[in-house]
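Let's take a walk through this structure together, one piece at a time. Have the model open in your viewer and follow along.

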Amino acid sequence: MLTDLVTLGIQPLLGLAALLCAWRTLRGPTLADRVVGPEMLTALAIGIAACSAVAARQPALVDVSLVLALVAFLGTLAFAAVMRSGR
């Protein structure tokens, strides 16, 4: 099936992107690198969970993607609040 081929092609690319983001997060010389890196890793985890949901035909994994998105959004709000307060 076409969706199986697409998910098999996308998942390794998402994994490679996750490795590159993790490297940039650990190696990043600026605070922006260290903040944006985990956000991007979370976005990639959402994509991996969504691809896994399609590949395994398990709609429960879509709920995992939604929870990850909510947690990432709350983390972004918390970081913005800290940056706004000047700490």
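Let's begin at the end of a helix: helix 3 is followed by Gly86, and the phi of Gly86 is positive, near 90°. Keep in mind that what you're looking at is a predicted model. Now back up into helix 3 itself, which runs over residues 60–85. With 26 residues at 1.5 Å a residue, helix 3 should span 38 Å, and its end C-alpha atoms are indeed 38 Å apart, so the expected and computed spans agree.

Go back past the start of helix 3 and you land in the loop that links it to helix 2, where you'll find Arg57. Arg57 comes just after helix 2 and has a positive phi of about 55°. That's a positive value in a residue other than glycine. How exposed is Arg57? Its relative accessible area is 49%, so Arg57 counts as partly exposed, because the exposed class begins over 50%.

Next up is helix 2, covering residues 31–56. Helix 2 has 26 residues, and from its first C-alpha to its last it reaches 38 Å, close to the 38 Å expected at 1.5 Å a residue. Which residues of helix 2 are buried? They are Gly37, Leu44, Gly47, Ala49, Cys51 and Ala53. And what sits over them? The cover includes helix 1 and helix 3.

That brings us to helix 1, residues 2–27. Helix 1 also has 26 residues, and it reaches 38 Å between its end C-alpha atoms, close to the 38 Å expected for it. The buried residues here are Thr7, Leu14, Ala18, Cys21 and Thr25, and what covers them includes helix 2.

Now look at where helix 1 and helix 2 come together. The largest nonpolar core is a set of five residues: Leu14, Ala18, Cys21, Leu44 and Cys51. Helix 1 and helix 2 are the elements that give two or more residues to this core, and the largest share, three residues, comes from helix 1. As a bit of background, nonpolar side chains tend to be buried together in soluble globular proteins.

Cys51 is a handy residue to click on. Setting aside its neighbours within four places in sequence, Cys51 is in contact with Thr7, Ile10, Gln11 and Leu14. Of these, Ile10 is found in helix 1, and its relative accessible area of 33% makes Ile10 partly exposed. Ile10 also belongs to a nonpolar patch on the surface, which it forms with Leu2, Leu5 and Val6; together the four have about 380 Å² of accessible area.

Further along helix 1 sits Thr25. Is Thr25 buried or exposed? Its relative accessibility is 14%, so Thr25 counts as buried, since the buried class takes in values under 20%. Leaving aside neighbours within four places in sequence, the residues in contact with Thr25 are Asp33, Arg34, Gly37, Pro38 and Leu41. Gly37, you'll recall, is one of the buried residues of helix 2.

To finish, try two C-alpha distances that take you from helix 1 across to helix 2. Pro12 is in helix 1 and, at 51% relative accessibility, counts as exposed. Pro12 and Ile48 are 36 residues apart along the chain, yet their C-alpha atoms are separated by 9.4 Å. Leu20, another helix 1 residue, likewise counts as exposed at 51% relative accessibility. The partner to pick for Leu20 is Gly37, 17 residues apart from it along the chain, with 9.3 Å between their C-alpha atoms.

Terms used
Residues are numbered from 1 along each chain as its sequence is written. This is a predicted model: local features need pLDDT of at least 70, side-chain atom pairs count only at pLDDT 80 or more; totals for chains, interfaces and linings use all residues. Side-chain values use heavy atoms; hydrogens and water are left out. Helices (H or I, at least four residues) and strands (E, at least two) are DSSP runs, numbered from the N terminus. The expected span of a helix is 1.5 Å times one less than its number of residues. Buried means under 20% relative accessible area, exposed over 50%, partly exposed in between (1.4 Å probe, protein chains only). Contact means heavy atoms within 4.5 Å. Patches are made of residues with over 30% relative accessible area and no salt bridge: like charges are joined within 9 Å, nonpolar side chains (Val, Leu, Ile, Met, Phe, Trp, Tyr) within 5 Å. Accessible areas come from the Shrake-Rupley method with a 1.4 Å probe; for residues, only the protein chains shown count as cover. A salt bridge is a side-chain nitrogen of Lys or Arg within 4 Å of a carboxyl oxygen of Asp or Glu. A nonpolar core is a set of buried Ala, Val, Leu, Ile, Met, Phe, Trp, Tyr and Cys residues joined through side-chain atoms within 4.5 Å.
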